[in-house]
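Ready for a few exercises on a protein fold? Take a look at the sequence and structure below, then work along.

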Amino acid sequence: MEQFDLDLQRDRFLKIFDEKISDREGKDALRAWLTGSECDFFTAPASTKYHGNYEGGLCEHSLDVYDMAVRLENLYAEDIRKQYLVLNRPYDRARFQESMAVAALFHDLCKVNFYTVKIRGRSSIFTVEEQLPFGGHGSKSVYILSKYLKDIRDEEAIAINCHMGFSRAVDSTVSLGESFHYSPLAWLIHVADEAATFLLDRVKPEEY
Ligand SMILES: [Fe+2]
Ligand SMILES: [Fe+2]
């Protein structure tokens with residue numbers, strides 16, 4: 001990705017961050033960390049071989065998940081409202097949308113400072129060089145986010161922890177169905193992640 005595109009993407013991410021997330025405890029610290037030199041979020045790839053395996057892939061994928069989540073939330077807004085009635089928990093659409101932004105933008109935070117560039121011949125490739133061997137995928141993202149966003153909500157944590165769904169259920173000791181039933185947001189973020197990965201994948205098939 002060219003520097004110009006990286007900058008545009010970073011600006012869009014920060015605009016959504018600034019506008020869609022309210023003034024919560026730790027928001028400023030989270031923004032400072034994201035934009036500081038210790039964090040490679042805006043240049044990191046999203047994988048070594050699959051979706052977003054290039055510079056800026058992680059931010060691009062996180063924005064894709066956000067865009068897919070917005071579309072799904074619009075489609076299912078009424079169903080989500082009714083489901084909260086069934087669950088007997090309060091529902092506020094603006095609050096739900098804010099949590100959706102938090103979960104979508106930061107669901108793959110575990111990939112920050114995770115990849116490194118290796119030069120092979122004339123080309124460069126990304127390889128994994130884990131700097132924080134936490135173990136889980138979703139749970140590591142929750143852990144990193146909660147270091148900054150001090151008032152992370154239960155549904156945000158559940159949504160991030162379960163976003164891989166059945167393909168990587170090891171982070172969860174309860175059944176995923178139980179988490180998805182408890183949290184419409186968790187189901188929505190999982191589906192948005194799948195849609196962003198498999199419908200918006202920009203890698204050519206022959207590169208798989
Ligand atoms: Fe993920
Ligand atoms: Fe993802």
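Two exercises with worked solutions follow. This is a predicted model, where local features need pLDDT of at least 70 and side-chain atom pairs count only at pLDDT 80 or more, while totals for chains, interfaces and linings use all residues. Residues are numbered from 1 along each chain as its sequence is written, and chains are lettered from A and ligands numbered from 1 in the order in which they are written.

**Exercise 1.** Describe the overall fold of the protein chain.

Step 1: list the elements. The chain has eight helices and two strands, taken as DSSP runs (H or I, at least four residues, for helices; E, at least two, for strands) numbered from the N terminus. Their order from the N terminus is α-α-α-α-β-β-α-α-α-α.

Step 2: judge the compactness. The radius of gyration, taken over C-alpha atoms, is 17 Å, close to the 17 Å from the globule rule for 208 residues, so the chain is as compact as a globular protein of that length. That rule is 2.2 Å times the number of residues to the power 0.38.

**Exercise 2.** Find the main contributors to the largest nonpolar core.

Step 1: recall the terms. Such a core is a set of buried Ala, Val, Leu, Ile, Met, Phe, Trp, Tyr and Cys residues joined through C-beta atoms within 7 Å. Buried means that 20 or more other C-beta atoms lie within 10 Å of a residue's own, with C-beta atoms placed from the backbone.

Step 2: pick the hubs. The core has 41 residues, and among those touching the most other members are Ala 69, Leu 145 and Ile 189.

Step 3: trace the helices. H2, H3, H4, H5, H6 and H8 each supply at least two core residues, and the largest share, seven residues, comes from H8.

Key: Buried ≥ 20, exposed ≤ 12 C-beta atoms within 10 Å, placed from the backbone.
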